Amino acid sequence: MTTKRPRSIRRRPLPVVEPGVPAPASLRRLGIDTTDWDYLVALAGNPNTGKSTVFNALTGLKQHVGNWPGKTVARAEGGFEYQASKYKLVDLPGTYSLLSASTDEEIARDFILFGRPDCTIIVVDATVLERNLNLTLQILEITDRAVLCLNLMDEARRRGFKINHKRLQRDLGIPVVPTVARTAHGMPELIEAVAGVAGSAIETQPLRISASGQAARALEELAAAIEAAYPGLPNARWVAMRLLEGDKRVERAVASGEFIEFVEARERQPAGTRAAE
Amino acid sequence: MATATSPAGGQILESAERLRRGLGISFRDQIVEAIYEDARAIATGAVRQARPAGPTWDAKLDRILTSRIWGIPIMLLGLAVVFWLTIVGANYPSQAIALVLFRIEGAAVALFDAIGAPWWLTGFLWHGVYRGLAWVISVMLPPMAIFFPLFTILENLGYLPRAAFNMDWLFKRVGAHGKQALTMSMGLGCNAAGVIACRVIDSPRERLIAVLTNNFVPCNGRFPTLILLGIVFIAAAFPPSLATFAAAGSVVAVVVVGVLITLVVSWILSRTALKGEASSFTLELPPYRRPNIGQILYTSLIDRTLFVLYRAVIMAAPAGGVIWLLSNVVVGGESLAGWVSGFLDPLGRSIGLDGVILLAYIIAIPANEIVVPTILMTYTGAGMMIEIDSLAELRALLVGEQGWTLLTAVCLMLFSLLHNPCSTTIWTIYKETGSAKWTTIGALMPLATAFIVCFAVAQGVRLLL
């Protein structure tokens, strides 16, 4: 395995979101009302990074917040309205990876893969960024529509960490918003970034995992074949990775043509014009 | 969904198969390594440690709270403090609420008599339905309103994963999953919630063990029973200055017995029906966080206290009516309650209880909360209109008239800890396992355990005395 830096990940510069933007007056928390949504937004992240706190801040709901990993084992749903668009927000169970077969990881993964969120908010704990980036990178293989919520910034500051979020944003290729969800600090900026990604005003260019050697060659070959078969599939590389690992669920999805439906659905209904099912 | 293989999909699967053969098993490791490598590179680029990280106060605190020697004693002490505060704090409000609610009953009965309502209507509505409600509210509301906020504070501080860490080695020994300690903590609130929380356990074998044994942690519906028995019987055996400590200690002892039974049953399961090795896992100790008071009050009072109380009230009203009917419908010179409890009595006596208690447990299958009210209403239901608004009167009824002893109280505490889960929990087990077989085992195995343990205790004590 090489230890070289990942290939150049310099991208079209993203609009950098500066903290301190006045709260958007047009945010309306809709609580459990998730009817007629325009955009579907998923909340993912490691356990105990504050996903449920972000969820509550955005929806105005009182989803139970605990301080232990694994508290949210099912998905919770809520809604908010921002600049005349309605968003349905789904709080996924916290997981460390998307590679194993436990129920909570499957719920999270299947939702990002088949639920086709218009934006996935990846909530990370700024005090243990490196560990949290493992999941972030896996999510970015599945979806290119993501925003990184760099949460618990107060905690990180208290421990003497300085985090260069602009550089992080450049490296990851998705908007990065520093937040303290408990005090709602950074929430306006987060909503703006989410609206930008969901509404395609912000174009993301997410970093892809840099495999090397024989694995990389196999991966590229299979990904190319998948892309040729299903042009427009945003996560061909990820599907290839799963197939090379022998993931039965993804094998079934490929065999049954679930991915064709996926691509066709995308083309038929560009994000943002979807009505509630 | 189409089950036939699409042509393009088939081709892709074939190429995947071919490429996979060439790769060997190290592919996954290579990908995982690549992910770690990228994450490290990005984090190194973006994060700078401004101050050198010395051991922070949380690290020092963790060293004490999760120490091999002090970890478990501190945990038990913390539990004891929570119960002690609950017992001391709930005593007076409980009596005050009972006083008011039973006055209302008296006034209402007088009013019904005055307007000439038929005796059965007065009895059914006020001595049945209303009395059941009054009991549940006065016995349950104050302890819950104290216990839940305290428990939620511990949860928000981040103590639960530390508790799980302390118990991990125990669970590993018996072939179960260390996260079972977390699911048990949730069971302290409500077993149905505890069963759902078992989803955090990856391996199906270990998850099933955690689901089946969750019932052995007393839920909030059972705490009032345990606390009441602790106060009336256990505390009475100690001098007054130590009474509340003894009551709190007895409840902690019951929880410890529950944990021991959990370990024993997990051990038996992982060596028989659910054979296998314990899997290892990473448990992150989250940073200690300052609890948010508003959030705690909301979660503990609205989400938990009112939710549990609402459920209890819904169950208590019809149960009160059923008990009144059972006590007042007379067949062959004996009430229905009398027939059933008489039939159950020999079985009840053999495990240190009596027929009425077993009858109460049958009526209380929908909700454990109503066991004590059911017992009392069955004892007093048939015509004897005594009002029990103080613990002294309660003691007089149970000990003086019904012949309860310390052994009865201990057996009832154990039975309450171990018996079958409530119907909500059974239904949740079914939804989580999707298996009628495991649901049946989840319901009957605890019941059998309760009978075996209570029988052994009752017979053992009778032999010794």
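This is a short talk on a few places in chains A and B of a predicted model.

I will start with chain A as a whole. Its secondary structure comes to ten helices and eight strands. The chain has 277 residues, and 65% of them count as buried. The surface that chain A exposes is about 10,100 Å², and carbon and sulfur atoms supply 50% of that area. Now take the contacts in chain A between residues at least 6 apart in sequence: 71% of these join residues at least 24 apart.

Next, one strand. Please find S2 of chain A, residues 39-45. How many of the seven residues of this strand are buried? Seven of the seven are, so S2(A) is largely enclosed by the rest of the structure. In a regular strand, side chains alternate between the two faces of the sheet. Here, Tyr39(A), Val41(A), Leu43(A) and Gly45(A) point one way, while Leu40(A), Ala42(A) and Ala44(A) point the other way. Both sets are buried.

S2(A) also has partner strands. Five bridges join S2(A) to S4(A), residues 85-91, and the two run parallel. Within S4(A), Lys88(A) is the bridge partner of Leu40(A). Another five bridges join S2(A) to S5(A), residues 119-125, and this pair is parallel too. There, Leu43(A) has Ile121(A) as its bridge partner.

Now a pair of helices in chain A. Two packed helices are described by the angle between their axes and the distance between the axes. For H1(A), residues 51-59, and H6(A), residues 187-198, the angle is about 85° and the axes are 11 Å apart. Angles of 65 to 115 degrees count as roughly perpendicular, so H1(A) is roughly perpendicular to H6(A). Which residues of H1(A) meet H6(A)? They are Val54(A), Ala57(A) and Leu58(A), and on the H6(A) side they meet Met187(A), Leu190(A) and Ile191(A). By class, this contact has six nonpolar residues, no polar ones and no charged ones.

Two loop residues in chain A come next, picked for their phi angles. Most residues other than glycine have a negative phi. Gln83(A) is not a glycine, yet its phi is positive, near 50°. You will find Gln83(A) in the loop between S3(A), residues 76-82, and S4(A). Is Gln83(A) buried or exposed? Its relative accessibility is 52%, and the cut-off for exposed is over 50%, so Gln83(A) counts as exposed.

The other one is Ser200(A), with a positive phi of about 65°, and again not a glycine. Ser200(A) lies in the loop between H6(A) and H7(A), the latter being residues 213-229. With a relative accessible area of 45%, Ser200(A) is partly exposed.

Last, chain B. Helix H9(B), residues 204-213, is mostly covered, with eight of its ten residues buried. Among the buried ones are Arg205(B), Glu206(B), Leu208(B) and Ile209(B). What do the buried residues of H9(B) pack against? Five helices of chain B are involved: H7 (180-189), H8 (191-197), H11 (243-269), H18 (423-433) and H19 (436-464).

One residue in H18(B) is worth pointing at: Thr428(B). Its relative accessible area is 6%, and buried means under 20%, so Thr428(B) is buried. Leaving out residues up to four places away in sequence, Thr428(B) touches Ala192(B), Val195(B) and Ile196(B).

That is the end of the talk.

Conventions
Residues numbered from 1 in each chain as written. Chains lettered and ligands numbered in written order. Predicted model: local features only at pLDDT ≥ 70, side-chain atom pairs only at ≥ 80, totals over all residues. Heavy atoms only, no water. Buried < 20%, exposed > 50% of the residue type's maximum accessible area, 1.4 Å probe, protein only. Helix = DSSP H or I, 4+ residues; strand = E, 2+ residues; numbered from the N terminus. Pairing = 2+ DSSP bridges. Contact = heavy atoms within 4.5 Å. Axes fitted to C-alpha atoms, helices over the stretch in contact; angles between N-to-C directions. Parallel < 35°, antiparallel > 145°, perpendicular 65-115°, else oblique. Nonpolar A, V, L, I, M, F, W, Y, C, P; charged D, E, K, R; others polar. Areas by Shrake-Rupley, 256 points an atom, 1.4 Å probe, with all protein chains shown as cover.
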